[in-house]
Amino acid sequence: VYFYSAPENFNEEMLRGKRVIVTGASSGIGEQMAYHLARMGAHVLVTARTEAKLQKVVERCRELGAASARFVSGSMEDTAFAEEVVKEAENTWGGLDMLILNHIGHSYFNYFDGDVDHIRKLLETNFLSYVAMTVTALPMLKESEGNIVVVSSVAGKAPGPFAAPYSATKFALDGFFSSLRHEFIIENVNVSITLCILGYIDTGKLNATGARGLRRVAPSPKEECALEIIRSGALRQHELHYPPGIVNGMLLLRGLAPGFLDTLIRSNIVVENVQRAPPPHGTRVPPAGSPGSGR
Ligand SMILES: NC(=O)C1=CN([C@@H]2O[C@H](COP(=O)(O)OP(=O)(O)OC[C@H]3O[C@@H](n4cnc5c(N)ncnc54)[C@H](OP(=O)(O)O)[C@@H]3O)[C@@H](O)[C@H]2O)C=CC1
Ligand SMILES: C[C@H](CCC(=O)O)[C@H]1CC[C@H]2[C@@H]3C(=O)C[C@@H]4C[C@H](O)CC[C@]4(C)[C@H]3CC[C@]12C
């Protein structure tokens, strides 16, 4: 709790005039981060696929007092697009202070369906595009001694069932960015990396199956979550745990009593409410109880 709590010396003036990219900013936590940054007087470049939503976000950012606001639309499934977004910042501002990597591609809250292609695409969107943007932005971030902020999940530290593809992409982020942070420290590269470990947030992300499948979990507010992410990035913290009580508790248990934590995670899920999806085309799952099915 001590190591991952934000020190109290955050000042919103720290963001005034800063040049910030926010990905996945057409809705949810990313949209709220754009509004906070605008209020603080930052220059914001937002990106996602849906142009109409981004246009509205940019308008609102201008009303809220952003130093400037613009968008680039496209899909992060394509790493060339990820690099293009960073180039846009370079061409417009001639530099960059903060890179907030937040977008995720669509996945499911259900039994793993055996679809390897889905995992490949999700890794492109949720992981490789983060790496590509970091590589392209690094010269500018070194120059400004800036910040990289990576939005992850408890599913990227302490996995639960029904989120295997998503969880895999979030673990990849921890492996890559926590290793890179070591290298920056060894080489005195003054670019901070903040990994944000979030619990369940009220962005309406869970579909009906997921909502019925989760027991007793109340989502935390996206506005507060967005502010905490910006705060911990500006303070150059290594990790943010939000909401702190739940996430710190889970991570502490993971170290001390991992089997107990796994039991707790499963007890929070109503397995009967999560329906087994039909297998993808070309695969054959033997019916439960048949020889070789193992069920
Ligand atoms: N909500 C929660 O409970 C939790 C969320 N998190 C993390 O927080 C972050 C934000 O999540 P949240 O705000 O809930 O999600 P949202 O679904 O509200 O936002 C996702 C954003 O990503 C964009 N996006 C989706 N697909 C693509 C794509 N292929 N290329 C580019 N952009 C894309 C969406 O816009 P568009 O569709 O227009 O492209 C949208 O702006 C994620 O990293 C997530 O893992 C972590 C733990 C819990
Ligand atoms: C399945 C969701 C993505 C599907 C979509 O594209 O609509 C997941 C996105 C965020 C996940 C939640 C999260 O990261 C926090 C918890 C992690 C636990 O391991 C499982 C429950 C979560 C609330 C998890 C549920 C799936 C998502 C909503």
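**Exercise 1. In this predicted model, find how helix 4 and helix 5 are arranged relative to each other, and which residues bring them together.**

*Solution.* Start with the two segments: helix 4 covers residues 116–144 and helix 5 covers residues 164–186. Their axes come within 8 Å and cross at roughly 20 degrees. Angles under 35 degrees count as roughly parallel, so helix 4 is roughly parallel to helix 5. The hand of this crossing is right-handed.

Next, look at the side of helix 4 that takes part. Its contact residues are His118, Ile119, Leu122, Leu123, Asn126, Phe127, Tyr130, Val131, Thr134 and Leu138. From helix 5 come Pro165, Tyr166, Thr169, Lys170, Ala172, Leu173, Phe176, Phe177, Leu180 and Phe184. Finally, sort them by class: 15 are nonpolar, four are polar and one is charged. Keep Tyr166 in mind, as this member of the helix 5 contact set returns in Exercise 4.

**Exercise 2. Describe the packing of helix 1 with helix 7, from geometry to residue classes.**

*Solution.* Begin with the geometry: helix 1 (residues 28–39) and helix 7 (residues 222–234) have axes 8 Å apart, at an angle of about 65 degrees. The crossing here is right-handed.

Then list the partners. Helix 1 supplies Gly28, Ile29, Gln32, Met33, His36 and Leu37. Helix 7 supplies Lys222, Glu223, Cys225, Ala226, Leu227, Ile229 and Ile230. The class count is eight nonpolar, three polar and two charged residues.

**Exercise 3. Is helix 8 parallel or oblique to helix 9? Which residues make the contact?**

*Solution.* Read the angle: helix 8 and helix 9 (residues 258–267) pack at about 135 degrees, with axes 6 Å apart. Roughly antiparallel would need an angle over 145 degrees, and roughly perpendicular one of 65 to 115. Helix 8 is therefore oblique to helix 9.

Now for the residues. On helix 8 they are Met250, Leu253, Arg254, Gly255 and Leu256; on helix 9 they are Pro258, Phe260, Leu261, Leu264 and Ile265. Eight of these residues are nonpolar, one is polar and one is charged.

**Exercise 4. Work out which residues come nearest to each ligand, and which polar atoms lie beside it.**

*Solution.* Take ligand 1 to begin with. There are 28 residues around it, and Arg49, Thr50, Asn102, Tyr166 and Thr203 come nearest. Go on to the atom pairs. An oxygen atom of ligand 1 is 2.9 Å from a backbone N or O atom of Ile29, a residue that also belongs to the helix 1 contact with helix 7. A polar backbone atom of Met76 is 2.9 Å from a nitrogen atom of ligand 1. The side chain of Lys205 has an N or O atom 3.3 Å from an oxygen atom of ligand 1.

Turn to ligand 2. It is surrounded by 13 residues, the closest being His106, Ser107, Ser153, Tyr166 and Lys205. Side-chain atoms meet ligand oxygen atoms at 2.8 Å for His106, 2.7 Å for Ser153 and 2.9 Å for Tyr166. Tyr166 is thus listed among the nearest residues for ligand 1 and among the closest for ligand 2.

**Exercise 5. Where do Pro243 and Glu145 sit, and what marks their backbone?**

*Solution.* Pro243 is in the loop between strand 7 (239–242) and helix 8 (244–256). The peptide bond leading to Pro243 from Tyr242 is cis, with omega near -5 degrees.

Glu145 lies in the loop between helix 4 and strand 5 (147–153). Though not a glycine, Glu145 has a positive phi of about 50 degrees.

Definitions and conventions
Residues are numbered from 1 along each chain as its sequence is written. Chains are lettered from A and ligands numbered from 1 in the order in which they are written. This is a predicted model: local features need pLDDT of at least 70, side-chain atom pairs count only at pLDDT 80 or more; totals for chains, interfaces and linings use all residues. Side-chain values use heavy atoms; hydrogens and water are left out. Axes are lines fitted to C-alpha atoms, for helices over the stretch in contact, and angles run from 0 to 180 degrees between N-to-C directions. Helices (H or I, at least four residues) and strands (E, at least two) are DSSP runs, numbered from the N terminus. A crossing is left-handed if the near helix is turned anticlockwise from the far one by less than a right angle, and right-handed if clockwise. Contact means heavy atoms within 4.5 Å. Ala, Val, Leu, Ile, Met, Phe, Trp, Tyr, Cys and Pro count as nonpolar, Asp, Glu, Lys and Arg as charged, and the others, Gly among them, as polar. A residue is near a molecule or strand if one of its heavy atoms lies within 4 Å of it. A polar contact is a pair of N or O atoms within 3.5 Å; within protein, one must be able to donate a hydrogen and the other to accept it, and residues adjacent in sequence count only if both atoms are side-chain atoms.
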